[in-house]
Amino acid sequence: RMPKSYLPDEPGAMRAEHHAFDPFAQTAARLQALENVGHPTAKVELLILGGTWSSYRRDYQAWFVQRCLDALHARDSLSLSEAQAWNENAPHRCVGLCIESRPDLVTP
């Protein structure tokens, strides 16, 4: 139920499972939690964890990032490029993206 490198009781893993691993729901919930404690959310760095990112199909990767961006501007885009364009003027802009992958699955 979890990537091998994560414990199911870690906060990020628990949040992912709680939201059925839906990227929009996870991002929206984290954004709301940060706002609830008074953390500034105008600029956001997205961290996509899981350790096997490079083994996923490209269309899934694009969809996942698109849905994270959609949560930041609270509307559904039709494509990753549209989500990226909306991100440029969103009230919660993604200014950094860190995607974790295992070294044995990285290829040129």
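Alanine 29 is found in helix α2, in a model that is predicted. With a relative accessibility of 23%, this alanine counts as partly exposed, because the range for that class begins where the buried one, under 20%, ends. Looking back along the chain from alanine 29, one comes to alanine 16, which is 13 residues away in sequence and lies 10.0 Å away in space, C-alpha to C-alpha.

A second pair of residues can be followed in the same part of the chain. Arginine 15 has its place in helix α1, which covers residues 11-18, and its C-alpha atom is separated by 9.5 Å from that of threonine 27, 12 residues apart from it along the chain. Leaving aside residues up to four places away in sequence, arginine 15 touches Gln26 and Arg30. Arginine 15 is partly exposed, its relative accessible area being 26%.

These helices belong to a chain that has four helices and two strands, and the order of the elements from the N terminus on is α-α-β-α-α-β. Of the 108 residues in the chain, 31% count as buried. When contacts between residues at least 6 apart in sequence are considered, 54% of them join residues that are at least 24 apart.

How does α2 meet α3? Helix α2, residues 23-36, packs with helix α3, residues 58-73, at an angle of about 35°, and the two axes are 8 Å apart. The crossing in which α2 passes α3 is right-handed. On the side of α2 the contact is made by Pro23, Phe24, Gln26, Thr27, Ala28 and Leu31, while α3 contributes Trp63, Phe64, Arg67, Cys68, Asp70, Ala71 and Leu72. Sorted by class, the contact between the two helices has nine nonpolar residues, two polar ones and two charged ones. Gln26 thus has a part in this contact with α3 and is also touched by arginine 15.

Helix α3 itself deserves a closer reading. Its 16 residues should span 22 Å at 1.5 Å a residue, and its end C-alpha atoms are 23 Å apart, which agrees with that expectation. The buried residues of α3 are Gln61, Phe64, Val65, Gln66, Arg67, Cys68, Leu69, Asp70, Ala71, Leu72 and His73, and what covers them includes α2, β1 (43-48), α4 (80-87) and β2 (93-99).

Part of this buried set enters the largest nonpolar core, which has 12 residues in all: Leu31, Val44, Leu46, Ile48, Trp53, Phe64, Val65, Cys68, Leu69, Leu72, Ala83 and Cys94. The elements that give two or more residues to the core are β1 and α3, and the largest share, five residues, comes from α3. Valine 44, one of the core residues, touches Leu31, Leu72, His92, Arg93, Cys94, Val95 and Gly96 when residues up to four places away in sequence are not counted.

Not every buried position in α3 is nonpolar, as aspartate 70 in that helix shows. Aspartate 70 counts as buried, since its relative accessibility is 0%, where the limit for that class is under 20%. Beyond residues up to four places away in sequence, aspartate 70 touches Phe24, Arg75, Asp76, Ser77 and Ala83; of these, Phe24 is among the α2 residues in the contact with α3, and Ala83 is among the residues of the core.

From aspartate 70 the path leads on to asparagine 87, which is 17 residues apart from it in sequence and 8.3 Å apart in space, C-alpha to C-alpha. Asparagine 87 lies in helix α4 and counts as buried because its relative accessibility is 11%. Its contacts, again without residues up to four places away in sequence, are with Leu69, Leu72, His73, His92, Arg93 and Cys94. Among these, Leu69, Leu72 and Cys94 are members of the nonpolar core.

Alanine 74 remains to be considered. It is found in the loop between α3 and α4, just after α3, and takes a positive phi of about 55°. Most residues other than glycine have a negative phi. Is alanine 74 buried or exposed? Alanine 74 is exposed, with a relative accessible area of 63%, whereas His73, at the preceding position, is listed among the buried residues of α3.

Definitions and conventions
Residues are numbered from 1 along each chain as its sequence is written. This is a predicted model: local features need pLDDT of at least 70, side-chain atom pairs count only at pLDDT 80 or more; totals for chains, interfaces and linings use all residues. Side-chain values use heavy atoms; hydrogens and water are left out. Axes are lines fitted to C-alpha atoms, for helices over the stretch in contact, and angles run from 0 to 180 degrees between N-to-C directions. A crossing is left-handed if the near helix is turned anticlockwise from the far one by less than a right angle, and right-handed if clockwise. Contact means heavy atoms within 4.5 Å. The expected span of a helix is 1.5 Å times one less than its number of residues. Buried means under 20% relative accessible area, exposed over 50%, partly exposed in between (1.4 Å probe, protein chains only). A nonpolar core is a set of buried Ala, Val, Leu, Ile, Met, Phe, Trp, Tyr and Cys residues joined through side-chain atoms within 4.5 Å.
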